[in-house]
Amino acid sequence: MSHDPQSADAVQGPDAVPGPAAAPRLHLSDPTVRTFVQLLTNVLFVGVINYTVWFAVTFFVFLQTRSVFATGVIAGLFLVAMVGTGVWFGSLVDHHRKKTVMQVSALVSLAFYAVCLALYLLTPAEEWTDAGSVRLWVLIVLLMCGVIAGNLRSIALPTVVTALFDDTLRDRANGLVGTVLGISFLVTSVISGLLVAFDGMRTCLVLALGVLAAALVHLHFVKVPESLSHAAAEGEPRRVDLRGTMRVVGRIPGMWALIAFTAMNNLLGGAFMALMDPYGLSMMSVQAWGLVWGGLSALMIVAGLLIARTGLGSNPVRTILLVNLGLWAVTIVFPMQASVVWLVAGLAVYMLAMPYVEASEQTVLQKVVPYERQGRVFGFAQSVEQAASPLTAFLISPLTQFFFIPFMRDGGTGARWIGGWFGTGDARGIALVFVLVAVLGLALTAYALSSRYYRLLSRRYREAPEPAAADAAPAADAAAPTAG
């Protein structure tokens, strides 16, 4: 592990007394932890602005066109781009220095947003009200490219955690990553709704340019430890090597099953990505919807801080499945009534639980995957896991628009079958989709929890040695404990 030895002894030295008081902790007195916090802060600001742009364009398109189909296509395009770039981005992370990757990511986003601002200012306002407008979709695609470029950072960040911390602290560091994600959603959801309501996309894009420029300057002055000063796959040919990555995944018992489970979960979750904004905006204004997401996102911060303090337990694989079981159960309940209170309560559980799922999966991969392959495996897993979601997003929005919404309107077949207790109307059609998807998700998770693949991966996690970075990093740090 490449954090300060003195700090390490303080939290886990050989003389430490077993028990809660001896639990490993992250301390700001550790130079490596301070560097990690600086990188997280930089990621936070860039993540906030990227999320803001994407939330804003989704809100903007729905408010301008009132088309559920259009928002579903936007979600589908985004997921296709995530799938198509994940493996390539992972290769870039493995074959280049992490700091360089983060700088290039911000620079590319900056360039795309600058072009988008020019396009927005030169386009007549009435163009944005037509869901079939060519300029509207050019704007959407260019904005998406800027946001997707930021995904390089989300792939690089877990590999940074592997390089900086050993197995006793990684789950806690992943908790801080979850906290940053929560803060991103908190700030994003509030300001994106307000910006769109106040000024369309103009101020949002101007703000994006300013924040990204500041983040590039800040990152230039962040000095990183020696363990991050070279590429993880240094000396290897600079190629994607998808076949080799698949072999690495295949050698880990139960890993294909975990990736397949997450892919199926995302297949079902694509329905929520496509329909949640129209559902929420059917009950409240865009300003109120943004404020609701902001308040709920504070729970992600709470969850991340809890993980950073207590960890994820001895078996993060079990944590993934148990938390998903609870999430799908709650998702069956909250759409049952057309109630803002029920909706907010359901989303509150979701926001509190999701950091545990994300941190658990990262912790498992960081333990069982060789460090020099982690970028590609993270990218590959992301691509496979997200591959099913575009299908759902593309299918669910027209299916909802043209079948489930009429099905649940007054006089519709569904309204007669289900009865008055469920309610009628457009929003009730969306709610019915949520309930059906949640039932399938619950059945999938219950099966996964009882499968032998779950037991195989759990055993591999317990028995796996530290990845190569844990062996290589101390040697590098012995020569130069920190460059910052």
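**Entry 1: a surface patch.** I began by fixing what a patch is: its residues have over 30% relative accessible area and no salt bridge, and nonpolar side chains are joined within 5 Å. With that in hand, and keeping in mind that the model is predicted, I looked up Val302, Leu306 and Leu352, which form a nonpolar patch on the surface with about 220 Å² of accessible area together. Val302 lies in helix H11, which covers residues 286-310. I asked myself whether Val302 is buried, exposed or partly exposed. Its relative accessible area is 40%, and Val302 is therefore partly exposed.

**Entry 2: aromatic pairs.** How many aromatic pairs does the structure hold? I found 11 aromatic pairs, and I looked at two of them in detail. Phe60 and Trp128 form an edge-to-face pair, with 6.2 Å centre to centre and 65° between the planes. Phe60 lies in helix H2 (residues 31-65), while Trp128 lies in the loop between helix H4 (98-122) and helix H5 (134-149), so this pair ties together parts that are 68 residues apart in sequence. I then checked the accessibility of each partner: Phe60 counts as buried because its relative accessibility is 3%, and Trp128 counts as buried at 3% relative accessibility.

Next I turned to Phe334 and Phe434, which form a tilted pair with 6.2 Å centre to centre and 50° between the planes. Phe334 sits in the loop between helix H12 (316-333) and helix H13 (340-368), and Phe434 sits in helix H17 (residues 426-449), so the pair ties together parts that are 100 residues apart in sequence. I noted that both Phe334 and Phe434 are buried.

I also recorded a cluster in which ring pairs link Phe403, Phe404, Phe407 and Trp417.

**Entry 3: charges over rings.** Which residue lies over the face of Tyr461? I found Lys367 there, at 4.6 Å from the ring centre. I then looked up Phe422, and over the face of Phe422 lies Arg428, at 4.6 Å from the ring centre.

**Entry 4: Thr35.** My last look-up was Thr35, a residue of helix H2, the helix that I had already met with Phe60. Thr35 has a relative accessible area of 3%, and because buried means under 20%, Thr35 is buried. With what is Thr35 in contact, once its neighbours within four places in sequence are left aside? I wrote down Lys223, Val224 and Pro225 as the contacts of Thr35 on that basis.

Key:
Residues are numbered from 1 along each chain as its sequence is written. This is a predicted model: local features need pLDDT of at least 70, side-chain atom pairs count only at pLDDT 80 or more; totals for chains, interfaces and linings use all residues. Side-chain values use heavy atoms; hydrogens and water are left out. Patches are made of residues with over 30% relative accessible area and no salt bridge: like charges are joined within 9 Å, nonpolar side chains (Val, Leu, Ile, Met, Phe, Trp, Tyr) within 5 Å. Accessible areas come from the Shrake-Rupley method with a 1.4 Å probe; for residues, only the protein chains shown count as cover. A salt bridge is a side-chain nitrogen of Lys or Arg within 4 Å of a carboxyl oxygen of Asp or Glu. Helices (H or I, at least four residues) and strands (E, at least two) are DSSP runs, numbered from the N terminus. Buried means under 20% relative accessible area, exposed over 50%, partly exposed in between (1.4 Å probe, protein chains only). Rings of Phe, Tyr and Trp (its six-membered ring) pair if their centres lie within 6.5 Å; planes under 30 degrees apart count as stacked, over 60 as edge-to-face and the rest as tilted. A charge sits over a ring if NZ of Lys or CZ of Arg is within 6 Å of the ring centre and within 35 degrees of the ring normal. Contact means heavy atoms within 4.5 Å.
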